[in-house]
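Reader: Please walk me through the salt bridges, core, cavity and pocket of this structure. Keep it brisk.

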Amino acid sequence: MKRGKNLLVIILIAILIAGCTNKKTATSKKSPSDTPQAEKVNGKYDPPIEMTFAVGRVDSDVNFPDGQTTKDNQWTRKVEEELGIKLDVTLAMKSGDEYNQKLNALIVTNDLPDLFTVYGGAINQVDQIVEADIAEDLTEAFDKYASPLVKQLLPDEALEPLKRNGKLYFLPALQDPAEEGFMTWIRSDWMKKLNLPEPKTFQDVIAIAEAFKAMNPDQNYGFEAGTADWNMYSLSGLFSAYHAYPNAWLKDADGNLVNGTIQPEMKDALKSLQDLKKKGLIHQEWTVSDDGERAREDLINGKVGIHFGQWWAPEWPLQLVKDSDPDSEWKAYPFMSVDDKPALHLQQTVQVNSFYVLKKGFPHPEAFFDMVNLVAEHYWGETAVADPPASELWKIAPADVQLWGKNIVFQESIEDAFKSEDTSKLRPTELQLYERIEDYQDGNNDNWGVALEYGVDGSLGLYGEFTRNNLWINNEFYGAPTSSMTTKQANLDKLFLETFIDIVNGADINKFDSFVEQWKKQGGDEITKEVNEWYKSK
């Protein structure tokens, strides 16, 4: 469904980019010959360098203190005061869709800002920009100007998969893929009330769901269920229990990539879902259009006690359950299996939150890296400082370079500090989180979610267990959509979803076999061929 929505965006981008593919001499508004020669005096450019910056979508949780704005804030002031760079923020808006539309329009007119953001999910847009020759090659500049700290935060092994023909055309805001892993959240207050043991198998999880339903048979139904294959309202834990990974590209025994949607394990998972629905453990009115909104409402209203979500689920949506029912408590578990094979947790091979692209021809690429170095030192250097509480100003910095596995590291440090009663080694941001957990312990339920995530035995700690026990499986494809994907993937997704719902609603399970044949004939085999060509060429 998500891919279906993306199809129109992909086509639009292709059309828009076509308008400027012949403009191979794209340059910044100020060419080197038009710009006065800037020299550094005490670390600052003199005369000052001017740079336009499209920061992109500004999340609602960015709160500007002291009268700051998107155009006049901590970062615009800091880069001018310390580096002599006048940063003009040209595009900053609440809607990511609106930003993408405006950025596409600027691509067509070749009127791009000097520095602009492309969001991580739009890797196809990045490839189109590189192909149109409007992105500066940053390979040499990174080697020459990036500080040792930046190179530590963005190591070669993280950057290498993102290069195009061995060249670096953008600076990625990388995230450890492990931080996107899903886990099983179960209402522990209900388990305690019913005197239920800790689950060890997926059969135990089903038994817990049955017990939760029995508490109020006319209302409760056990598992929340959206139709997206892998989101906060998905059935990811159930699929993993049967070793099924829909829409993921997995490496087979021969080293080729195969699509998880058509593997035999999917048939077992769908048969299980069919049985669960017959038992009333999934909403009886589940349909193709059920994207998870009903599941969220039922979760908040206390009808569901099992949630497959990520480490941050306590802050959303479980905090809403806590607000509605202050006695509710939740505990995170790894995925559990139906047999002696471990249930694995899907992760992306590469996880990029955004790409920072410097327009080709900008005369001072070193100035961009001066800003990158400044951001890295500000947050991760020896004298690191944190943003003002709840401000999230790092999201509007001219680059986002973070500690690899930042949140996992934070949880480990905070847990150690609570156990040792020594906070002296905590980073500034870790100390803020530590104090919020103390606030929760003093009775403030607003920080309940933070305590479950970063505190002792916090959910983030599970990711270390997943790694130690080899409980990850990679989605190996992270390239731009292939040519057949752009024309045929939406139809394949629709075909799967309709088959999926039909089987869960009682159709003959063997309908899955005919679906596989249709999937292959209607474009799946072509897409598989293209994906493997990409995989072997990278």
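Author: Buried means under 20% relative accessible area, exposed over 50%, and partly exposed in between (1.4 Å probe, protein chains only). This is a predicted model, where local features need pLDDT of at least 70 and side-chain atom pairs count only at pLDDT 80 or more, while totals for chains, interfaces and linings use all residues. Residues are numbered from 1 along each chain as its sequence is written, and side-chain values use heavy atoms, with hydrogens and water left out.

Reader: Is Glu 285 buried or exposed, and which residue does Glu 285 meet in a salt bridge?

Author: Glu 285 has 52% relative accessibility, so Glu 285 counts as exposed. A salt bridge is a side-chain nitrogen of Lys or Arg within 4 Å of a carboxyl oxygen of Asp or Glu. Here the N to O distance is 3.6 Å, and the partner of Glu 285 is Arg 294. At 26% relative accessibility, that partner is partly exposed: Arg 294.

Reader: How many salt bridges does a search of the whole structure find?

Author: Side chains of opposite charge can pair when their charged atoms come close. Searching the whole structure for such pairs gives a salt bridge count of 27.

Reader: How many residues apart in sequence are the parts tied together by Arg 187 and Asp 325?

Author: Arg 187 and Asp 325 form a salt bridge, with the closest N and O atoms 3.1 Å apart. Arg 187 lies in strand β7 (residues 183–187) and Asp 325 in the loop between α13 (318–324) and β12 (330–333). Helices (H or I, at least four residues) and strands (E, at least two) are DSSP runs, numbered from the N terminus. The pair therefore ties together parts whose separation in sequence is 138 residues.

Reader: Which counts as buried, and which as partly exposed: Arg 187 or Asp 325?

Author: Asp 325 has 27% relative accessibility, so Asp 325 counts as partly exposed. Arg 187 has 1% relative accessibility, so the buried residue is Arg 187.

Reader: Which residues touch the most other members of the largest nonpolar core?

Author: In soluble globular proteins, nonpolar side chains tend to be buried together. A nonpolar core is a set of buried Ala, Val, Leu, Ile, Met, Phe, Trp, Tyr and Cys residues joined through side-chain atoms within 4.5 Å. The largest one has 167 residues, and the members touching the most others are Phe 223 and Phe 368.

Reader: Which helix gives the most to this core?

Author: The top contribution is ten residues. They come from residues 365–380, which is helix α14.

Reader: What volume lies in the largest cavity, and which helix gives the most to its lining?

Author: A cavity is a set of points, on a 1 Å grid over the protein atoms alone, where a 1.4 Å probe fits but cannot get out; lining residues have an atom within 4 Å of a point. Grid points are joined across faces, edges and corners, and a volume is the space filled by probe spheres set on the points. The largest cavity holds about 40 Å³. Four lining residues come from residues 483–504, helix α19.

Reader: Which element gives the largest share of the lining of the second largest pocket?

Author: A pocket is an open set with protein on both sides within 12 Å along at least five of seven lines. The second largest one encloses about 600 Å³, and 28 residues line it, with Leu 452, Val 456, Asp 457, Gly 458 and Ser 459 nearest its centre. The largest share is five residues, from α15.
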